[in-house]
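Me: Hey, I've got a structure open and I'm a bit lost. Can you walk me through it?

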Amino acid sequence: MKNKITFPELVDLVAKAAGTTKKMSEVFLKEFFGTISMALIEGDDHVKIKGLGTFKITQTKPRTTRNVNNGELIEIPGSKKLTFVVDNALAKAVNMPFESFKEIELSDELTNEQLQSIDTETAPKSAAATAPETEPAQEPAPAVEAQPVVTPPVFNPPVEEESTPEPAAEPEPEPVAEPVAEPVSEPEPEPVAEPEPEPEPVAEPVIAAAAAIPQEKPEPEPEPAIEAAPQAPATCNKKSWWQGFVTGALAMLLLACIAWMATRCDGIGTKPGTAVEQADTLAPEPEPAAQAQAQAVKPAVVTDTVTKTMLPVKLAEKHYGKQIFWVYIYLENKEKIGDNWSNVPPGTVLVIPPAEKYGIDASDKESVKRASDVSMQVYSGKEPTALIINEKYK
Amino acid sequence: MDNRNFVNALAKSLKRDKEDVTKMIDALCNVVKTRCGELDSIAVPGFGSFEGKKREERVLTLPSGKRMLVPPKITISFKTSNVLKNRLS
């Protein structure tokens, strides 16, 4: 494909095709083109060769234009121009791989997106030179599938590749990102290459025709695919490389985020001595529920502040997931709150007991019931008592 | 110059039968067909070059608003050599 065939090579090819010697072929070709040239030069306005085409001479008329440099009027003399019109039979024969395809009317349901994918497909599809060479047998089959939208499957491998490195080794984000980028770019040419360079027709008769043609002549097809490949190698490689790079960058970002969050969690849990101070400084800020739960699991004291909008019930919801568990916060801070549990002043700093102390579990019905019982005691004015579940807090 | 005249002229200058000449012309056409079908280009010095070009499929929007999908196509294009251009003018 895109090979330049020199005259000697042409001589060889014609000699082979005609079954003559190279010398005869050379003489013939020289005479052939010489005769055409002479006829045209000597005034013939056309030379028709059956099976090849027609060489025509058009005479252009002289015209007056301006000289670009000094603006003067200039007359460009008329000249003879040589054009070539291919013979119909030859044109049809050359177009053999696409012969049976016809123009089809597109329904309005096809979105511009799908149409764009058709445009972008034809370039990268035909550009995958390696895959068609190794899988000529598979090509006729995918051609029949005729999916107009192929780009979504192309993007799936990158998405899948991205999620797998996340749980993998955090300390090495770079080596992980690179293998991600590479396998990503590799699967891309393959699923892209499998569909034919032929169009992805929407209408059925064209699909049937496509099935007929690939089955009849599988050979010419992989070759035009290979031939057509170098036409757009730059765009294909650039596109898949860029996609791989973007995926790698995203993966690295995610890993960095996880590492950052991990360091934050680690900083709080590992040193109980300083944890209280850290917890106090962190407490005034509303902490994400996930972190609060992580803190609740570790033996660190958690505190929170009551505000106009953040009442004990809200604090319970925030830390434990259900408002009913406010009673445990109340119990923990009974000295501070006293009987005033319904009207805790804003600014009061309350200690939030860890969930395991009272066995607080928002998803456990038993736990919820226990809290509910305690709240009944509080509402009725009785002295509330709660069962301390976890031994180490007694 | 029609095909007939051309073949006659060629046969005369080659001192061969018309049949032979026709056979050789067919052979040349076949070579052009296969090579250009592979999107190669054939260069004939002093004359010009024949090249097979592939046109990708496109979406046409007709004035009526209809959209058509045009299938891809391989065509042969000819480019005159400068030598011949000068000789003609």
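What follows is a chat about chain totals, a helix, a sheet, aromatic rings and a few single residues.

Reply: Sure, just keep in mind that this is a predicted model.

Me: Ok, basics then. How many helices and strands are there in chain A?

Reply: Chain A has 18 helices and 9 strands. It runs to 394 residues, and 37% of those count as buried.

Me: And how much surface does chain A expose?

Reply: About 22200 Å², with 58% of that coming from carbon and sulfur atoms.

Me: What about contacts between residues that sit far along the chain from each other?

Reply: Take the contacts in chain A between residues at least 6 apart in sequence: 63% of them join residues at least 24 apart.

Me: Let's zoom in on a helix. What's the span of α1 in chain A?

Reply: Helix α1(A) covers residues 7-18, so to speak a run of 12 residues, and reaches 16 Å from its first C-alpha to its last. That is close to the 16 Å expected at 1.5 Å a residue.

Me: Which of its residues are buried?

Reply: In α1(A) those are A:F7, A:L10, A:V11, A:V14, A:A15 and A:A18. Looking down the axis of α1(A), the buried residues fall within an arc of 135 degrees, so they line one face of the helix.

Me: Why would spaced-out residues end up pointing the same way?

Reply: An α-helix has 3.6 residues a turn, so residues three or four places apart point the same way.

Me: Got it. What does the buried side of α1(A) pack against?

Reply: The buried residues of α1(A) pack against β1 and α2 (22-41) of chain A, along with α2 (18-37) and β1 of chain B. On the face turned away from that buried side, α1(A) carries the exposed residues A:P8 and A:K16.

Me: And what comes after the helix?

Reply: A:G19 follows α1(A), and its phi is positive, near 75 degrees.

Me: Switching topic: what's the strand order in the open sheet?

Reply: The open sheet has 4 strands in the order β1(A)-β1(B)-β2(B)-β5(B), with mixed pairing. The edge strands are β1 (4-5) of chain A and β5 (73-80) of chain B, each of which pairs on one side only.

Me: How many bridges join β1(A) to β1 of chain B?

Reply: There are 2 bridges between β1(A) and β1(B), which is residues 41-44 of chain B, and the two strands run parallel. For instance, A:K4 has B:S41 as its bridge partner in β1(B).

Me: Now rings. How many aromatic pairs are there over all chains?

Reply: The count comes to 21. One of them is A:F55 with B:F50: the ring centres are 6.3 Å apart and the planes are at 75 degrees, so the pair is edge-to-face. This pair crosses between chains, from strand β3 (residues 53-59) of chain A to strand β2 (residues 48-55) of chain B.

Me: Are A:F55 and B:F50 buried or exposed?

Reply: A:F55 is buried, with a relative accessible area of 0%, and B:F50 is buried too, with 2%. Both belong to one aromatic cluster, whose members include A:F28, A:F84, B:F6 and B:F78.

Me: What about the pair A:W341 and A:Y379? What sort is it?

Reply: The centres of A:W341 and A:Y379 are 5.4 Å apart and the planes are at 50 degrees, so the pair is tilted. The pair links distant parts of the chain, 38 residues apart: A:W341 is in the loop between α17 (334-337) and β9 (349-352) of chain A, while A:Y379 is in helix α18 (residues 365-379). A:W341 counts as partly exposed at 24% relative accessibility, and A:Y379 counts as partly exposed at 46%.

Me: Last bit: what's going on with B:K15 and B:L39?

Reply: Neither is a glycine, yet B:K15 has a positive phi of about 60 degrees and B:L39 has a positive phi of about 65 degrees. B:K15 is in the loop between α1 (3-14) and α2 of chain B, and B:L39 is in the loop between α2 and β1 of chain B. B:K15 is exposed, with a relative accessible area of 72%, whereas B:L39 counts as buried at 2%.

Me: And which residues of chain B does A:N95 touch?

Reply: A:N95 touches B:P72, B:K73 and B:I74, leaving aside residues up to four places away in sequence. A:N95 is in the loop between α3 (88-94) and β7 (104-106) of chain A, and is buried, with a relative accessible area of 10%.

Technical notes:
Residues numbered from 1 in each chain as written. Chains lettered and ligands numbered in written order. Predicted model: local features only at pLDDT ≥ 70, side-chain atom pairs only at ≥ 80, totals over all residues. Heavy atoms only, no water. Pairing = 2+ DSSP bridges. Phe/Tyr/Trp six-rings, centres within 6.5 Å; stacked < 30°, edge-to-face > 60°. Buried < 20%, exposed > 50% of the residue type's maximum accessible area, 1.4 Å probe, protein only. Expected span 1.5 Å × (residues − 1). Arc of directions from axis to C-beta. Contact = heavy atoms within 4.5 Å. Areas by Shrake-Rupley, 256 points an atom, 1.4 Å probe, with all protein chains shown as cover.
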